Amino acid sequence: MIEARHLRVLRAVATTGSFSAAARELGCTQPAVSQQMKALEASAGTPLLIRTGREMRLTQAGEALVRHATGILAGLTAAEEEVAAIAGLRAGRVRLVSFPSGSSTLVPSALAALRAAHPGTRVSLVDAEPPRSVEMLREGDCDVALAFRYDGASAAEEWDDLVVRPLLADRLVGLVPEGHRLAKAESVAIGELADEPWIAGCPRCRRQLVEVCEGAGFVPRIDFATDDYPAVIGLVGAGLGVAVLPELAIESVRPKGARTVTVEPAVQREIVALTLPDLAQVPAVAATLDHLARAARR
């Protein structure tokens, strides 16, 4: 019989590429990983790994088992949580992953309301940008992923296998120094900023910025690039350039020394909460989705 703990070990070995790295990830010893892999191969009745010197790769059977492991482990988690709810334990656990500007705006009020309504529900939070956050969901490393995608994203089909709860549309706004020639403008065409030095945000937002600017007929000169939104705002406030950021990012930080302006053409990103179909049936996960949706409407 194949055990869930053995599947978790196999997935860790496949992801990290070695017993020692898998042991570090799982918080156990290398001999323990080796023993569990031997037990799993005995249960499967066939080798799952091929060891050649320092390298390790999966056999065809190993690849098949890893492919099914994520769904199996997610299904087991869903079963455990649902049984606990049915048994009247009034408890639950939700592992939430969110991008930083979502963590500082939507998540706090949603989790505060969730705790007030369901004090027995425990929620953990980890920061990750999409697509990594979506990968974590599919790999069984979280239960709910707060993610975003921009209008016209070519990878929209990436979410077809997930439960998608739309939350809000987050428009991009311009950010210029207080003394900038366009600081008091009601709206600014992106082309009017063609000759400015730019400060770019997260990799996905950075890519979107370049696409929008190219559509306006120029390539932005990016002098600074940082994933830290307060740093972007600080650099703009110091007069070192201009930026385009999501409204959520600006909402969470006081833009000292900088002014926001409406940018045309309008570009927005869709903010959503994602989970797996099996997990959507778990009461604690469903409640988390509901509270995130309520927080987004405020």
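Biologist: Which residue of strand 4 stands opposite Val-94?

Modeller: Val-123 does. This is a predicted model. Val-94 lies within strand 3, residues 92-98. Strand 4 covers residues 121-127.

Biologist: How many bridges join strand 3 and strand 4, and are they parallel or antiparallel?

Modeller: Seven bridges, in the parallel sense. Strand 3 also pairs in the parallel sense with strand 5, residues 144-150, over two bridges. There, Val-97 has Ala-145 as its bridge partner.

Biologist: What lies between strand 3 and strand 4 in the β-α-β unit?

Modeller: Helix 5, residues 100-117; the unit is right-handed.

Biologist: How do I read burial along a strand?

Modeller: Start with the general pattern. Side chains in a regular strand alternate between the two sheet faces. Now strand 3: six of its seven residues are buried. Here buried means under 20% relative accessible area.

Biologist: And for a helix?

Modeller: An α-helix has 3.6 residues a turn, so positions three or four apart point the same way. Take helix 1, residues 4-16. Its buried residues are His-6, Leu-7, Val-9, Leu-10, Arg-11, Ala-12 and Val-13. Its 13 residues reach 18 Å from first to last C-alpha, close to the 18 Å expected. Gly-17 follows, with a positive phi near 90°.

Biologist: How do I find empty space?

Modeller: Roll a probe the size of a water molecule over the atoms; it shows where empty space is left. In this model the largest pocket holds about 440 Å³. Among its 23 lining residues, those closest to the centre are Arg-11, Leu-73, Glu-139, Gly-140 and Asp-141. Arg-11 is also one of the buried residues of helix 1.

Biologist: Which element gives the most to that pocket's lining?

Modeller: Helix 4, with six residues. Other elements giving two or more include helix 1, helix 2 and strand 3. By class, the lining has nine nonpolar, four polar and 10 charged residues.

Biologist: How many cavities of 30 Å³ or more are there?

Modeller: Two. The largest has a volume of about 70 Å³. Helix 7, residues 203-215, supplies the largest share of its lining, three residues. That lining has nine nonpolar, one polar and no charged residues.

Biologist: What lines the second largest cavity?

Modeller: Its space is about 40 Å³. Among its lining residues are Tyr-150, Cys-205 and Pro-246. Helix 7 and strand 10 each supply at least two. Seven lining residues are nonpolar, one is polar and none is charged. Leu-172, Gln-208, Leu-209 and Val-244 line this cavity, and they also line the largest one.

Technical notes
Residues numbered from 1 in each chain as written. Predicted model: local features only at pLDDT ≥ 70, side-chain atom pairs only at ≥ 80, totals over all residues. Heavy atoms only, no water. 1 Å grid on protein atoms, 1.4 Å probe; cavity = no way out; pocket = protein on both sides within 12 Å on 5 of 7 lines; lining within 4 Å. Points joined across faces, edges and corners; volume = space filled by probe spheres on them. Helix = DSSP H or I, 4+ residues; strand = E, 2+ residues; numbered from the N terminus. Nonpolar A, V, L, I, M, F, W, Y, C, P; charged D, E, K, R; others polar. Buried < 20%, exposed > 50% of the residue type's maximum accessible area, 1.4 Å probe, protein only. Pairing = 2+ DSSP bridges. Right-handed = clockwise from strand over helix to strand, strands pointing away. Expected span 1.5 Å × (residues − 1).
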